[in-house]
Amino acid sequence: MNSSTPVVEIRELSKHYGEFVALDRLSLTLNRGSILGFIGPNGAGKTTTIRILVGLSRPTSGSATIAGADCVRDLAKVRRLVGYMPDKFGSYDNMRVREYLDFFGAAFGISRKERQLRIAEVLELTNAVWMQDRYVESLSHGMQQRVGIARTLLHRPEVLILDEPANGLDPEARIEMRSILLRLAEEGRTLIVTSHILPELSRICDQVAIVAGGKLRAMGTLQEVTRELSQRRTIEIQFLSDAGLAEAAGRVRSHLESDAEVTVSDAETIIRCRTGANDEKLGELLRFLITSGDRVSQFREVAGDLEEAFITAAREAEAERSAQGPAKTKAGVA
Amino acid sequence: MHGIGVILGRELLALLRSPRILAILFAVSVCSAIVVFLKWPTSAIVDLDGARGREVFRWLTYAMVAAAILAVPVFPSTLLVREVRRRTLELLLNSPLSRSSIYFGKVLAMLGFVMLLLCSTMPAMACAYLMGGVSFSGDILRMYLFLIVVCTELIVIGLLVGTWCRNTESALRWSYGITFLLTVVPWFPDALFPGGDSPLAKGMALLKLISPIPGILQLLNQGSVAGTGLIELHDPVVSYLTFAAIFITVGSIVCILRLSHSLLDRARSQGYMTDDQDGWIQASRRILYLVDPQKRSKGIPPLINPVMVKEFQCRQFGRMHWLLRLVAFCAVLSLLLTLASARGTESRGVEFTGALIIVLQVSLIVLLTPGLAAGMIAGEIEGGSWNLLRATPLGPGRILLGKLISVVITLALLLCATLPGYAVIMLIKPILQPQVAQVLICLVVSAVLSMLISAAISSLFRSTAIATTVAYGVLIALFGGTMLVWINRDAPFGHSVVENTLRLNPMAAALNAMQASGFEKYNLVPSAWWISGAVSLVLLVLLFVQTLRLTRPD
């Protein structure tokens, strides 16, 4: 299977809890070896999607396949293809880390000899060898997250689904977690990672999917998503010197819409604008500045911010919900 | 005082808001009403000596004691464990409240619940008073005050246990275990090694005084039932109150001292692994240990159910070295029971000793089984590991089988402990051989039924504490509640009603097979086996269906 082959395919996936629509015809495709950042506000439908993918929940309609195995019909196959780490660790009392991993290895039917090798391998990969004799319940949250990833890797799954792996981790542990995930992707595994720590996701994911109100709002590379969702873009205009910078700022301001934000950085000799103008309008602005005699050295668009895209998606969903009437929850009408 | 008031208000409000409290109070009111109803005079002749009133008072007291032993340990034992898990204890300890005000606030709140519990029996007690023969200050008030002391002791036990245990399940198990140890167990040594002036016999008789039951019987003017010989030299009420006062004081001091930040950060040392030690240490440990707990496991062997191994590993005393200790303990227990059988048969007859061993065994089964089986599914759901199990290729049948086998093995070890006692009975009276065989079948049936009841309850709840409490309640109702019908066998229940009710109780069938006093005239074997077997089968099906449902996608 090469990297352009889709490993995860979700088509028109819907999940209803009574009147509450947790997922609304969500479709996405993910290729082998990619890391998908699956983000959205609380109650957006992320965990519901994940639970359907790992066979813990049944969709109301639509389908989901992992490496060709249907997540409803080929459950046994899917369980061997997927490594799932839920947001809750699922600890057992009085068990040492090695025993914990040994149990899950045995549950996946791995032979005893092979199991010992794989346990050593996954502990090595997750930098957790030193904690193999520790009791699972006495581990810190960060350590448990590492053991959780080691557990998901035991049966060598093609797809790893990690629900909030960086949640509650300190910066050092987060950096370590990031390097583990990147290493796994290098090995050719496909990763679906949910997180609320967006800067973290933007560093590791080559694909981002934003889901809100049960609907997929945007999917693609980070730039594609931010461009799709951000209503405003940030433009940086660099000048050769700071002479006449204030006047140039006035000209920029007069050429853009009234609510555009224009700021001047004398030290950098840069004028920054946050504007909703399209490419044509920005081209006109550049032409205007040059014809006005301004010595522009660079005119560039700054890559969009994932946080802003996230907020836009959440607001869209909120607006849709308000238009539909009183909000409903899984438990009933709120 | 202000701090105590703050905690008291918060805890009492939380307790009163709980629907479980309402259910318990309702159940106790209904039970006490049933006692009055059953003992209400049926003839029109006025009972001038007040015997009927005293009988109602006696039965109401028994009901109150049973309710206190069953309901009171639940809340204090889980209270601190929950506070630690939810980190609310951290907030309390970081507040200006002193540790003693936190502790006493909680004790007083629990006592508030006890007051409500006792108040719910007051209408029934008023009926007993109106029937005559019972004085208010001499009987009723003294009994209520005595029960308040008993409940305070149970509250202190629960809170103390809560400072040691890490989860609600083990807190409940230990609370019930210690309650059982302090109330019921002190009776057995004296019953098994009766009379005599030997220091052992005297010690056994004194041991009985730490239980509140002799004191209660004394207050009911049933002192002769409570004790013989030495016990009559000591006033059981005074003896118990002295013991309870010491226990409550020492227990409270220990509990207040333990109520600190160390409860929130209980790191568990991994110890030194034998595999990492020098060669000579490894060699010496190989000689000294049958099973070295610090040696790295070689992994789950092939063809063994991994869930079963996991269940043993997760249990507090489930590891091989603990199981060996359990076997050793059982061997010692069986030797003691053998000795008791030999001595008891001389003075009280084979049947009495046999009956005592049966009651002891069933009590052990009732005490231990909910702890082993009631958390098997509820615990996994509560801890979040159920979803991990569901995400593995293990089927519901294999998961269930692994869990059940782990309970069966532990219960089998316990039951085996008392077999030598029966061997002595058969040696003394070989004619009893077929009866003993029947008793053993009844005990196996009791164990299987208890396990399946607890396991089925476990599959119906998402909280281990609730599942364990409900399992204890159902088992006590089955093994103890049906005996209440037997106690009322002359009036109001007729022979057939008692016989049919006892058929539900495999312990009664065992007592019937042993021809224990009061059980000879019933014919419970083998019908009790069939009934228990059928119930077990239904429970097994229910358990499997529930497991299947819980493992399937939602």
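Visitor: What percentage of the residues of chain A count as buried?
Guide: First, some ground rules: this is a predicted model, where local features need pLDDT of at least 70 and side-chain atom pairs count only at pLDDT 80 or more, while totals for chains, interfaces and linings use all residues. Residues are numbered from 1 along each chain as its sequence is written, chains are lettered from A and ligands numbered from 1 in the order written, and side-chain values use heavy atoms, with hydrogens and water left out. Buried means under 20% relative accessible area, exposed over 50%, and partly exposed in between (1.4 Å probe, protein chains only). Chain A has 334 residues, and the share of them counting as buried is 51%.

Visitor: How far apart do the C-alpha centres of domain 1 and domain 2 of chain A lie?
Guide: Chain A is split into domain 1 (6–228) and domain 2 (231–302), with bounds from an automatic or database domain assignment. The C-alpha atoms of the whole chain fill a box of roughly 75 × 50 × 40 Å along the principal axes. Within chain A, the two domain centres are separated by 43 Å.

Visitor: Which residue of chain A lies 275 residues along the chain from Ile39(A), with the C-alpha atoms 10 Å apart?
Guide: Ile39(A) sits in strand 3 (residues 35–39); strands (E, at least two residues) and helices (H or I, at least four) are DSSP runs numbered from the N terminus. Because its relative accessibility is 0%, Ile39(A) counts as buried. Setting aside neighbours within four places in sequence, its contacts (heavy atoms within 4.5 Å) include Leu198(A), Val211(A), Leu306(A) and Phe310(A). The residue you're after is Ala314(A).

Visitor: Which helices of chain B do the buried residues of helix 3 of chain A pack against?
Guide: Helix 3 of chain A (residues 97–107) has 11 of its 11 residues buried, so it is largely enclosed by the rest of the structure. Among those buried residues are the charged-name side chains you might look for, Arg98(A), Glu99(A) and Asp102(A). In chain A, the packing partners are helix 4 (112–125) and helix 5 (141–153). From chain B, they are helix 16 and helix 20.

Visitor: How many salt bridges are there between chain B and chain A?
Guide: The two chains meet through 40 residues of chain B and 39 residues of chain A. A salt bridge here is a side-chain nitrogen of Lys or Arg within 4 Å of a carboxyl oxygen of Asp or Glu. Arg51(A) and Asp554(B) make one of them, at 2.3 Å from N to O. The count is 2.

Visitor: Which helix of chain B gives the largest share of the side that touches chain A?
Guide: Between chain B and chain A there are 14 residue pairs in polar contact, both at pLDDT 80 or more; that's a pair of N or O atoms within 3.5 Å, where within protein one must be able to donate a hydrogen and the other to accept it, and residues adjacent in sequence count only if both atoms are side-chain atoms. Helix 16 (306–314), helix 19 (378–383) and helix 20 (386–390) of chain B each supply at least two residues to that side. With 5 residues, the largest share comes from helix 16.

Visitor: About how much area do domain 1 and domain 2 of chain B bury between them?
Guide: In chain B, domain 1 covers 2–40 + 50–263 and domain 2 covers 306–551. Their contact takes 23 residues from domain 1 and 31 from domain 2, with 0 salt bridges counted between them. Buried area is the accessible area (1.4 Å probe) that two parts lose on being put together, summed over both. Of the area buried here, 72% is on carbon and sulfur atoms, and the total is about 2,500 Å².

Visitor: Which residue joins Pro526(B) through a cis peptide bond?
Guide: Most peptide bonds are trans, so a cis one is worth a look. Pro526(B) is in the loop between helix 26 (506–513) and helix 27 (527–551) of chain B. With omega at about 10 degrees, its partner in the cis bond is Val525(B).

Visitor: Is Glu12(A) buried, partly exposed or exposed?
Guide: Glu12(A) lies in strand 1 (residues 6–17) of chain A. Its phi is positive, about 50 degrees, although it isn't a glycine. Because its relative accessible area is 44%, Glu12(A) is partly exposed.
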